[in-house]
Structures are given as structure tokens and as C-alpha cells.
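Please walk through this model with me, one selection at a time. I would like to know what to pick in the viewer and what is found there.

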Amino acid sequence: MKTIFTFSKQILRNGIIISALMLLTFSQLVAQSKHIVEVTQNVFTPNELEINTGDTVEWRNTDGYHNVNGTTETYPSNPESFGNDPGSGWTYSHVFTIAGEYDYQCDPHVGLGMVGEIVVKEADDNGEKHMLSIHFTGMNPHIGQNLRLAVIEKNSGMEISRLDTIAEAEFMVQVFGIENGNSYNVDFYADHNSNGMYDAPPTDHAWRLDLDDVMGDTTLNFAHNTDFTDIMWQNRLTVHFTGMNPHVGQDIWLAVTDKTSGMEVDRVKTTADVDFMVHIFGIENGMSYNVDFFADHNSNGMYDAPPTDHAWRLDLDDVMGDTTLNFAHNTDFTDIMWQNRLTVHFTGMNPHVGQDFWIGLVDQESGNLTDSIEMTASVDFMVHFYGIENGMSYNVDFYADHNRNGMYDAPPADHAWRLELENVTGDTTLTFAHNTNFTDIFETTSISEIGMNRLKMYPNPATDIVSIEMNQQNLRDFTLSIYDITGKLNHIETIHSNNKIEFSVLHLKRGVYFVELKTNNLRETLKLIKK
């Protein structure tokens with residue numbers, strides 16, 4: 001089994017020996033150290049663990065008729081057998097004394113993907129990565145509550161691991177995978193209101209520890225306090241694939257899309273195995289999503305509607321915290337109408353940090369602007385465009401408002417560039433490193449008449465009142481129409497204005513909309529996000 005976007009396994013509550021004195025103090029803690037696996041309907045949580053020899057794993061069946069079967073009769077490659085009989089409401093534990101990889105399953109529900117894996121490591125079997133130990137003390141206010149912890153690499157924002165355990169007055173957790181020279185945020189919270197998901201303090205109690213410039217195995221000490229931090233915890237969606245034998249070795253693409261707004265949370269690409277998992281971060285409590293994925297069955301590097309490629313959709317409704325969806329291979333295909341994504345990665349943009357930045361996607365054949373993004377530049381950032389079509393060619397035009405006058409001026413007053421994207425085949429990434437090879441991107445009529453040079457809409461995203469300013473003078477008597485992402489007209493009005501329009505979006509639901517302005521000789525469409 002392989003896991004995408006998980007860079008270390010989840011390791012819970014290992015006691016460590018720091019010195020002879022600490023050995024005496026924590027001997028009981030070490031002896032009783034264990035990793036908790038919750039056994040519920042059709043899933044072990046967590047279903048992957050990486051532990052050390054001598055550690056205990058305790059399975060707690062709180063929902064349903066299940067068992068743990070890790071016998072060598074079922075899994076001949078297991079170094080030793082463990083397991084219990086099917087039943088309800090049980091607790092089962094096993095001490096792992098032999099290093100190696102262990103697979104196990106629930107016999108009644110293995111067909112639904114209820115399997116797990118444990119990697120048992122020798123104490124010195126850590127390679128180039130190291131162990132982070134977090135020692136909690138004085139946690140009396142949270143005894144018995146769920147405590148969730150994530151370790152996030154500061155520079156990349158990538159989460160290397162997360163874990164879920166039950167708080168005690170004094171306990172320890174460990175995460176394997178920190179690397180020398182790297183720095184991390186260690187974010188954790190106690191589910192103080194016991195609703196199963198993160199709520200910003202003071203509803204839940206949350207903290208952040210800084211771990212900078214790692215040098216080998218590290219221990220952080222945390223004593224309970226009320227200096228809470230809103231860690232803006234991101235829920236994680238795990239999709240567990242089983243029985244994917246027909247697609248072993250093929251590319252698998254998966255995207256999670258908000259059902260209401262049509263906005264994509266994220267997408268991943270991986271290579272299919274018989275049994276594997278992918279993770280997506282950022283699903284929000286109370287929201288509902290389409291989980292779309294396809295196997296590139298004809299191996300041409302792009303999406304083709306079934307049965308050429310094999311595609312499916314799962315529904316995820318009313319999110320409540322971290323969620324796992326199980327998918328067993330079937331032939332109930334769905335045309336998910338996959339949209340190709342263009343990613344433009346900007347690096348070394350130091351001269352423009354804090355400046356307004358505009359990026360436009362232009363159809364090379366027609367010269368039409370198909371989409372645009374306005375943002376504030378940072379040193380290193382990425383933007384995404386959705387809907388680039390296979391076989392088409394595009395210009396990616398962008399500029400920094402270097403003189404900060406709120407409009408485009410030809411270089412060198414503003415700094416502008418063009419990238420070319422020829423003959424699209426599936427998802428594409430372009431990389432741009434800052435340089436002084438400027439291009440006047442608004443030379444053509446089709447470009448100069450649209451975009452930031454003519455109209456400026458703000459704020460965007462918006463919650464209540466939106467303004468549109470026009471640089472061209474003496475324009476009035478507009479028809480303003482607002483359409484949702486399906487093309488349904490939500491609002492229309494006639495506006496008598498000179499150079500500035502204001503309108504309310506309070507009546508709109510959260511999502512993506514298109515604002516159309518029309519006069520006898522002008523028609524402009526702007527994308528608006530309602531928060």
C-alpha cells in the first residue's frame with residue numbers, strides 16, 4: 001500500500017529514555033505506551049502506523065461487528081501472527097517485538113477495504129529522517145478528549161504527518177520524518193467541545209510550536225497553558241482505493257470540487273497500485289463535494305470519456321472533520337467532464353513583492369482573453385487556470401504594476417512578460433523565473449480593450465458591496481447581469497453611472513459568479529467570488 005502526500009506514518013505515544021533519571025521517572029509511561037486504532041464502520045483509524053519494536057497497538061471497536069486478523073495464515077509475509085475473533089464492543093492489544101511490515105484486515109469487511117498496515121522499526125532504523133517527540137504535561141483540562149496534531153514544513157507548507165490520540169494528564173507522541181536543516185510548525189488542538197472537528201479558540205483549545213533548523217532527533221516539551229492560537233486546521237480527505245488490479249501502473253487523477261461553487265479544492269496525480277490511498281487537504285465543515293477521478297486507461301496523458309478512460313464520482317456531503325472514503329473498483333463509470341488545469345509557477349519575484357499582479361490566459365487563434373487572475377505578488381507563488389483544451393494553444397500574459405498607478409503601462413514603467421503554451425495535452429505546468437526580458441503584452445487590440453486596463457472590480461472575493469471602476473471616461477447606462485456558474489441569471493439591473501458602479505451581493509449564496517456589463521458598443525464579463 002502507498003499513501004500520497006503522507007511523508008511519514010502516524011506514530012502515537014512512544015515513551016523515550018532520556019537519561020537514567022528520566023528512565024526512572026517515565027518507566028511506567030514507557031511500559032504502558034501504546035498506539036490507539038479506532039475500529040468503526042468499515043475502517044481502521046489510522047489504518048497505517050509506523051512504530052518501534054516493543055510498542056503496543058491497541059484496537060478499540062466502538063461501532064460494529066469486526067475483528068483484527070494479522071495471522072501469517074492470511075498474510076504469510078507477516079513476521080508473526082496477531083489478531084482476535086469477530087465481535088462487538090471489544091478492545092484488543094498486541095506488543096510488536098519483531099521488526100518488519102505487517103498487514104491485517106477485518107474478516108467481515110475486507111471486501112469493503114477494511115485493512116491496515118503496521119511498520120515496526122528497530123530503534124536505529126531511521127535513515128536520513130529523524131524522530132520528533134512532543135512531551136505533554138499538565139493536560140488535566142483535556143483528559144479523555146481527542147487531541148489532533150500535525151507537523152507542517154514551513155517553507156513548502158507540506159504536511160509530513162498528522163495523528164489523533166486521547167489526551168492524558170501527561171503523555172508523549174512521536175512523529176517520524178523531520179529532516180535536518182528544515183523548519184516546521186507543530187500544530188495541535190484538543191477537541192474541547194467534543195464535536196469531532198476543529199473550532200477556533202476558545203471553543204477548542206489550540207496551540208502552535210515552532211521547530212526550526214532540525215538537527216537529528218528532537219524533543220519538544222509542552223506544558224498546558226491558555227495562550228491559544230488559531231491554527232486554521234485543515235480537514236483531510238482520504239480516499240482509499242482497493243481492487244484496482246486493472247489499472248496497476250496507470251496514472252490516476254483525482255480532484256475534489258465544491259458542489260455549490262464549482263471551485264476545485266485540489267487535485268492529485270499518482271500511479272495506481274492494487275491498494276493505495278490519496279489525501280486532499282482543505283475540505284470544510286458543513287460543505288459538500290464531488291470527488292472525481294479517472295484512470296488514464298489508454299495512457300495518452302489526458303482525459304477521455306468512458307469507456308476509453310475509466311472514470312468515477314463519489315459524493316461527500318456535509319463534512320465533519322477528517323473523512324475517509326472507500327472505493328472498491330467497479331465498472332459503473334461516469335463521464336466526469338474532467339477539466340485540464342494550467343499551473344503557472346512564479347519564482348524569484350522579489351522586485352515585485354506586494355505589488356498588484358495580473359495574469360491573463362489568451363487563446364492564440366482568436367486573441368480572446370479566456371480567463372484572468374488579479375492578486376498580490378510574493379517571492380514564490382502559483383496560479384491555476386482551469387479549462388485549457390486539448391490541442392489548443394495559448395499565450396499566458398502577465399504584468400506587475402511596478403509604478404503602482406492601478407493600470408497597465410508598457411514596459412519599463414510596468415514589468416510585463418508572455419509565455420507560450422502550444423498544443424495542450426492534459427494538465428500542464430509552466431515555470432517562470434523573474435527576468436528583465438519584458439514584453440508589451442497589450443500591443444494587440446483584442447487585449448488592450450479588456451482586463452485591468454479598462455475595468456477594475458473590488459473587493460473580490462466579496463461579502464456585501466462590490467465596486468467596478470472604469471478608466472474610460474463618459475460611459476453610462478449599463479445593463480448589469482449576474483450569472484451563477486451554471487449560467488442561471490441571478491440578478492439584472494440598469495445602472496446610470498459615470499466611471500464607477502456599486503452593487504450589492506448580499507442576496508447571493510457563496511460561490512462563483514459572472515458579472516456581465518453591456519452597453520450598445522461594450523460587453524465585458526468579470527468573474528466574481530462570493531464568500
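Over which residues does the pLDDT stay under 50, and how many contacts beyond four places in sequence does the model have for them? Select residues 1–32: pLDDT stays under 50 there, and the model has 94 contacts beyond four places in sequence for this stretch. Next select residues 444–453, where the pLDDT is also below 50. Beyond near neighbours in sequence, that stretch has 19 contacts in the model. This is a predicted model, and colouring by pLDDT puts both stretches in context: the protein averages 84, and 87% of the residues score at least 70.

**Stop 1: a four-stranded sheet**

Select strands E12, E11, E14 and E15, which form an open sheet in that order with antiparallel pairing. E12 and E15 are the edge strands, each pairing on one side only. From one strand to the next, the twist averages 15 degrees.

Start at the E12 edge. Strand E12 covers residues 159–166, and 7 of its 8 residues are buried. Its neighbour E11 spans residues 146–153, and the two strands pair in the antiparallel sense over 7 bridges. To check the register, pick Ile152, which stands opposite Glu159 in E12. The hairpin of E11 and E12 has 5 residues between the strands, and in it Gly157 takes a positive phi near 75 degrees.

Now move to the other edge. Strand E14 (residues 184–190) runs antiparallel to E15, and 7 bridges join the two. Here the register can be read from Ala190, whose bridge partner in E15 is His205.

**Stop 2: a salt bridge from the hairpin loop**

Which residue forms a salt bridge with Lys154? The partner is Asp210, with the closest N and O atoms 2.9 Å apart. Lys154 lies in the loop between E11 and E12, while Asp210 belongs to strand E15 (residues 205–211), so the pair ties together parts that are 56 residues apart in sequence. Is Lys154 buried or partly exposed? Its relative accessibility is 31%, so Lys154 counts as partly exposed. Asp210 also counts as partly exposed, because its relative accessibility is 49%.

**Stop 3: more charged pairs**

Side chains of opposite charge can pair when their charged atoms come close. The structure holds 18 salt bridges, and two further ones are worth selecting.

Show Asp266 and Arg341, which form a salt bridge with the closest N and O atoms 3.9 Å apart. The pair links distant parts of the chain, as Asp266 is in strand E19 (residues 264–271) and Arg341 in strand E24 (residues 341–347), 75 residues apart. Asp266 has a relative accessible area of 26% and is partly exposed, whereas Arg341, with 12%, is buried.

Then show Arg418 and Asp397, whose side chains meet in a salt bridge at 2.7 Å, N to O. Arg418 sits in strand E29 (residues 415–421) and Asp397 in strand E28 (residues 394–400), 21 residues apart. With 30% relative accessibility Arg418 counts as partly exposed, and with 0% Asp397 counts as buried. Returning to Asp266 and Arg341, add Glu264, Arg267 and Asp427 to the selection: salt bridges that share partners join these five residues into one network.

Keep E28 and E29 on screen. The two strands pair in the antiparallel sense over 7 bridges. Within that pairing, Asp397 stands opposite Arg418 in E29. Because 5 of the 7 residues of E29 are buried, this strand is largely enclosed by the rest of the structure.

**Stop 4: the nonpolar cores**

Which residues have the most contacts inside the largest nonpolar core? Select Leu237, Phe241, Leu254 and Val291; the core they belong to has 24 residues. At least two residues of this core come from each of strands E17 (235–242), E18 (251–258), E20 (276–283), E21 (289–295), E22 (310–316) and E23 (323–328).

Centre the view on Val291 and show its surroundings. Leaving aside neighbours within four places in sequence, the residues in contact with Val291 include Leu237, Val239, Leu254, Trp312, Leu314 and Leu325. Arg313 is also among the residues in contact with Val291.

For the last selection, pick Leu132, Val175, Leu209 and Val214. These residues are included in a second, separate core of 23 residues.

Definitions and conventions: Residues numbered from 1 in each chain as written. Predicted model: local features only at pLDDT ≥ 70, side-chain atom pairs only at ≥ 80, totals over all residues. Heavy atoms only, no water. Buried < 20%, exposed > 50% of the residue type's maximum accessible area, 1.4 Å probe, protein only. Pairing = 2+ DSSP bridges. Salt bridge = Lys/Arg side-chain N within 4 Å of Asp/Glu carboxyl O. Axes fitted to C-alpha atoms, helices over the stretch in contact; angles between N-to-C directions. pLDDT = per-residue confidence, 0-100. Contact = heavy atoms within 4.5 Å. Core = buried A, V, L, I, M, F, W, Y, C linked by side-chain atoms within 4.5 Å.
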